[in-house]
Amino acid sequence: MKRNSKFVSNLITYGIVIAAWLICSFWMGNGMSSSLKAMLVPICCYVVLAISLNLTVGISGELSLGHAGFMAIGAFTGAILSTWIIAAFPEMNKDLVLTLAVVGGGVTTMIAGALIGIPVLRLRGDYLAIVTLAFGEIIRNILNMFYFSLDGSRLFGSFGNPNIPGKMIYNGAMGIKGVKMLAHFNAGVLLILFALAVVLNLINSRSGRAIMATRDNRIAAESVGINITKYKMMAFVTSAALAGMAGALYANNFYSIQSSKFNVDTSIQILVFVVMGGIGNMRGTVIATTLLYLLPELLRDFSQYRMLIYAIMLILVMVLGNNPLLRNLWMNINPFRKPLKRRAKADE
Amino acid sequence: MSERKRTETRMVPYPSGSFVPERDLGAQPVLECSHLGIEFGGLKAVEDFNIVMGPTEIGGLIGPNGAGKTTIFNLLTKVYQPTHGSILLQGRDLNPLTTVEVNRLGIARTFQNIRLFTNMTVEENVRIGLHNQIPCGMFSGILRLPAYFSAEKKQHEKAMELLSIFDMTGLADVKAGSLPYGAQRRLEIVRALATAPKLLLLDEPAAGMNPHETEELMENIIRIRDQFRIAILLIEHDMKLVMGICEDICVLNFGRIIAKGTPEQIQNNPVVIEAYLGKQRSEAGAEKEEKA
Ligand SMILES: Nc1ncnc2c1ncn2[C@@H]1O[C@H](COP(=O)(O)OP(=O)(O)OP(=O)(O)O)[C@@H](O)[C@H]1O
Ligand SMILES: [Mg+2]
């Protein structure tokens, strides 16, 4: 019965995404404002970023403040890849190019996630949060040292040396220019569905249970033979890969993009989406991200107060969400919602 | 019934000065500790601890609060690294191993302050215990390959089978945290058993249980030993349980063994009465007086 209700809950989550996709597709042909149209792909990307961050923060229980760093790696890898593939194979189907760029972004970020995870996951709690914050910035600064150019169909790259032959496509701190903007809404929705499937399937499997066991009670998890480092790493790397894919799609939606886009503010913004949607709650994350991203658009006249509204909402969620009375109330309204405690209790 | 089971066993001397049940004499001991010790700063929490356990022995570890009983479990499971001595599990030295490796080799435990995964269901808790018994890779899980479904099915069946030991199959979908205290202790035992141990360590399994539950627990501990053919070492303050099912008892005080022997020997040992049993009796007496 229980497993059945989880299955239904997951179906509802997919259903919401598909319904939103149908409505938007219809609306796009029937007078959707161009400013809203321009937001569709970024929304999809942020939804995927928030889902992936919720895997680290909610399921694995590690507060990570450097998610934009992974987004950046995926973004630049994806944009460089698509630019180069189009130059090298002009005949290739554009959606295939986009897919390759997104997968490439995911794989590169996955490797980066593994490299960063090794030192970072030795830490716990606040220390881990601070170090991820630092790594987010380090990634951005390292990316500022890269240079890539295209000479015909040949790709040149260098670290710290801008003197490379051909036309510069990625120019250190100035970022990437001349991206072919292959991203579209359908691709964004597909990526959301993919990310949801990966995360939800992972949660409801042996590996996911091991990840959550590690989060809930480290000592008990070790006592039944669960390799804690392995499962923390699994969650972290999966999360990084999904963030990289979202970044790659994001970058392929704009003509140019600089690394300053991927600063701490962006990391915090993704974290806000996660907190608002509910720690460990994927459906809530999808809804909260969409609404919060649209909020400034809906309140266009007050858009300079966006961060103020965020701050107030965040405080409200923190205060109200931790009130046991209200929490019970929410739980009764939403029978599928899983209450998740952030950390294992006390004495660890 | 449990009373009878125990008195059937005769303890026989083992070369290193310990005793094992007669039926385990020919077999390799499951656990051998020699001169095991740990210091925290200057405090010698455990000193010169020696024990030999036969592969189907039920042993008891008793002693006043702070004697070092839980610390010994933490040493055996490598939560703490011993500062002295050695631990052999079926002849294999545990010194260089981690908690996880020790569990894989065959030591499982429960905790004095229960450590369940309280937000997960009873069945999920047992499935986590089955982690290394019924493997299924991450990719089969994410891609929902056939291997995933067959592993899930096996896990479910095995979990139900294990839960049925304590008649808990009906509680499979209940959140572990919302179980009554006694049931949480039983679930912890099931979760530990799920890891297919050779040696099961129970830290105060009857704490918080009512006399009826304790009675059942005694029968179940013996049943588990007989069914799984494993050794069980338990810490307990409930003397009825300890004297009822343990074949060999080890009494600790201030980190040192002060007595070893069968329940009869322990009950009549003046040193033990002085250090522990006397106090227990007077405490129980005081409680009765208060109630009256
Ligand atoms: N990590 C630690 N650091 C310092 N001292 C410790 C540590 N763990 C245990 N001790 C000390 O070791 C001694 C033995 O503790 P232990 O928990 O093993 O007692 P116990 O016999 O299990 O008692 P109880 O019956 O109350 O459970 C105590 O004095 C305790 O304070
Ligand atoms: Mg103790």
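**View 1. The largest nonpolar core of the predicted model.** This core holds 107 residues, and Ile51(A), Leu196(A) and Leu249(A) have the most contacts inside it. Helix H2 of chain A, residues 34-59, contributes 17 residues, the largest share of the core.

**View 2. Surroundings of Leu196(A).** Apart from neighbours within four places in sequence, Leu196(A) is in contact with Thr13(A), Tyr14(A) and Val17(A), among others. The remaining partners are Ile51(A), Asn201(A), Met282(A) and Val286(A). Of these, Ile51(A) is also listed with Leu196(A) among the residues with the most contacts inside the largest core.

**View 3. A second nonpolar core.** This core is separate from the largest one and has 53 residues. Among them are Leu116(B), Val126(B), Leu162(B) and Leu179(B).

**View 4. The contact between chain A and chain B.** Chain A provides 35 residues and chain B provides 37 residues. About 3100 Å² is buried between the two chains, with 54% of this area coming from carbon and sulfur atoms.

**View 5. Polar links between the chains, and the chain B side.** Two salt bridges are counted between chain B and chain A. In a salt bridge between Arg209(A) and Glu152(B), the N to O distance is 2.9 Å. Polar contacts join 15 residue pairs across the two chains, with both residues at pLDDT 80 or more. On the side of chain B that touches chain A, at least two residues each come from helices H3 (99-105), H4 (122-129), H5 (138-143) and H6 (146-163) of chain B. H4(B) gives the most, five residues. By type, the residues of this side are 12 nonpolar, 14 polar and 11 charged.

Methods. Residues numbered from 1 in each chain as written. Chains lettered and ligands numbered in written order. Predicted model: local features only at pLDDT ≥ 70, side-chain atom pairs only at ≥ 80, totals over all residues. Heavy atoms only, no water. Contact = heavy atoms within 4.5 Å. Buried area = accessible area lost by both parts, 1.4 Å probe. Salt bridge = Lys/Arg side-chain N within 4 Å of Asp/Glu carboxyl O. Polar contact = N/O pair within 3.5 Å; in protein donor to acceptor, adjacent residues only side chain to side chain. Helix = DSSP H or I, 4+ residues; strand = E, 2+ residues; numbered from the N terminus. Nonpolar A, V, L, I, M, F, W, Y, C, P; charged D, E, K, R; others polar. Core = buried A, V, L, I, M, F, W, Y, C linked by side-chain atoms within 4.5 Å. Buried < 20%, exposed > 50% of the residue type's maximum accessible area, 1.4 Å probe, protein only.
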